[in-house]
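Visitor: Could you take me on a close look at one part of this model, the strands and how they are arranged into sheets? Feel free to wander to whatever sits around them afterwards.

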Amino acid sequence: MDPSQVKIPPLKDLTIDNITENVILINSLCEDQRMKYVLERLVTHLHDFARETRLSSKEWMTGLLFLTEVGQICSDVRQEFILLSDVLGLSLLVDSIDHPKPAGSTDGTVLGPFHTHEAEEMAPGAAMSHDPKGEPLLVVCTLKDTQGRPIPDCKIDIWETDSTGHYDVQYAERDGPDGRCIMRSDKDGVFWFKAIKPVPYPIPHDGPVGRLLKKLHRHPYRPSHMHFMFEKPGYDHLITALYLRNDPYETSDAVFGVKDTLVVDLGKVDAALAKKYDVQEGIHLMTYDFVLVTEEESSRLRDERSKEALDKLGRKVKIVNGLPIPDLD
Ligand code: BEZ
Ligand code: FE
């Protein structure tokens with residue numbers, strides 16, 4: 001709709017029943033069609049939420065003070081809003097919508113708040129963790145496309161906690177990055193490095209999100225895992241993690257990140273592998289074959305699924321730049 005054609009009526013005497021349409025109307029001057037659509041749906045759902053719950057002023061003030069605290073605790077190394085999105089299941093939902101995966105490709109999972117941009121690129125076989133108390137782990141992976149062809153020279157960001165379940169950024173005193181590295185896949189799509197066996201750990205729960213979990217009788221633990229992020233032009237950015245089978249929190253992750261396809265059984269390094277990779281025989285071994293989707297495959301699938309989902313809701317939309325907006329033609 002041409003914003004200059006929008007007739008805004010006097011915004012007076014608004015009621016429970018007509019406030020929503022009027023807020024949407026005044027927002028409709030926005031020229032960015034996608035932003036206008038997102039705001040329209042947000043206002044509709046927020047207002048319906050208040051109407052359906054008969055939200056009291058006191059409850060809404062509790063909510064506002066909670067969000068204020070979530071903001072106040074945020075810093076360069078603490079991202080409470082990501083935690084909130086994670087424990088509400090919204091992070092996983094958005095990732096699943098925005099990065100659909102065809103059968104046979106590697107699933108994505110939650111990013112979490114502990115990815116940084118300070119990891120160093122390391123040579124194949126490097127040790128990315130220097131925690132002497134960690135149980136040594138050899139990680140050997142391949143990276144392929146959905147046709148089974150190796151993907152060389154992909155940037156792979158990898159991060160994990162130390163043996164006490166803390167990421168480097170959670171220590172006020174530290175000399176630099178640890179438990180993180182950047183690897184590049186070789187010409188056969190292989191990358192390998194030395195790490196430590198991941199351990200379960202609680203997400204930061206000394207703030208408002210932790211208090212919320214407690215009220216809900218939910219524990220704050222994540223099962224043992226290692227994070228991986230793959231970036232290569234032409235391929236859909238993949239944020240994922242590998243989880244250890246039989247972890248006590250495998251089926252109750254506080255942030256809903258576990259997918260069966262990402263659960264691995266650790267093996268042991270035998271004599272031949274120990275020789276090949278120059279590590280001690282008997283240490284833990286983690287292997288995995290990652291499969292990336294091209295940007296083209298991913299955007300086709302995203303468009304198809306958006307159309308299907310919105311069709312089911314009876315919405316007439318068209319897809320512009322990979323995102324739906326109302327189809328008014
Ligand atoms: C993590 O796995 O690093 C993480 C994910 C969500 C919330 C907190 C931590
Ligand atoms: Fe993690």
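**The sheets and their surroundings**

Guide: Let's begin with an open sheet built from five strands, ordered E3-E2-E7-E8-E9, with mixed pairing. Strand E3 (180-184) and strand E9 (263-264) sit at its edges with a single partner strand each, so one side of each has no neighbour in the sheet. Keep in mind that this is a predicted model.

Further in, strand E2 (residues 155-159) and strand E7 (residues 225-231) run antiparallel and are joined by five bridges. If you want a spot to zoom in on, take Ile-156, whose bridge partner in E7 is Phe-230.

Now for the other sheet. Here four strands line up as E4-E1-E11-E10, again an open sheet with mixed pairing. Its edge strands are strand E4 (190-196) and strand E10 (267-268), and each of them pairs on one side only. In this sheet, strand E1 (residues 136-145) pairs with strand E11 (residues 284-292) in the parallel sense, over nine bridges. Leu-143 is a handy marker for that pairing, as it stands opposite Phe-290 in E11.

On to the helices. Helix H4 (residues 80-87) and helix H6 (residues 208-215) have axes that come within 9 Å and cross at roughly 25°. That crossing angle is under 35 degrees, and H4 and H6 are therefore roughly parallel to each other. On the H4 side, the contact is made by Glu-80, Leu-83, Leu-84 and Val-87, while H6 brings in Pro-208, Val-209 and Leu-213. Sort the residues of this contact by class and you get six nonpolar, no polar and one charged.

Leu-83 turns up once more, this time around ligand 1. Its companions there are Asp-86, Val-110, Gly-112, Pro-113, Phe-114, Ile-203, Arg-222 and Val-255. By class, that shell has six nonpolar, one polar and two charged residues.

One last stop, this time from a record. An unreviewed UniProt entry carries the annotation "domain: Catechol dioxygenase N-terminal" over residues 32-105. In the model, that span is 73% helix and 0% strand, and its end C-alpha atoms lie 34 Å apart.

Notes: Residues are numbered from 1 along each chain as its sequence is written. Chains are lettered from A and ligands numbered from 1 in the order in which they are written. This is a predicted model: local features need pLDDT of at least 70, side-chain atom pairs count only at pLDDT 80 or more; totals for chains, interfaces and linings use all residues. Two strands pair if DSSP finds at least two bridges between them. Helices (H or I, at least four residues) and strands (E, at least two) are DSSP runs, numbered from the N terminus. Axes are lines fitted to C-alpha atoms, for helices over the stretch in contact, and angles run from 0 to 180 degrees between N-to-C directions. Angles under 35 degrees count as roughly parallel, over 145 as roughly antiparallel, 65 to 115 as roughly perpendicular and the rest as oblique. Two residues are in contact if their C-beta atoms, placed from the backbone, lie within 7 Å. Ala, Val, Leu, Ile, Met, Phe, Trp, Tyr, Cys and Pro count as nonpolar, Asp, Glu, Lys and Arg as charged, and the others, Gly among them, as polar. UniProt positions are given in the numbering used here, feature names are shortened, and annotations may be inferred rather than shown by experiment. A residue is near a molecule or strand if its C-beta atom, placed from the backbone, lies within 6 Å of it.
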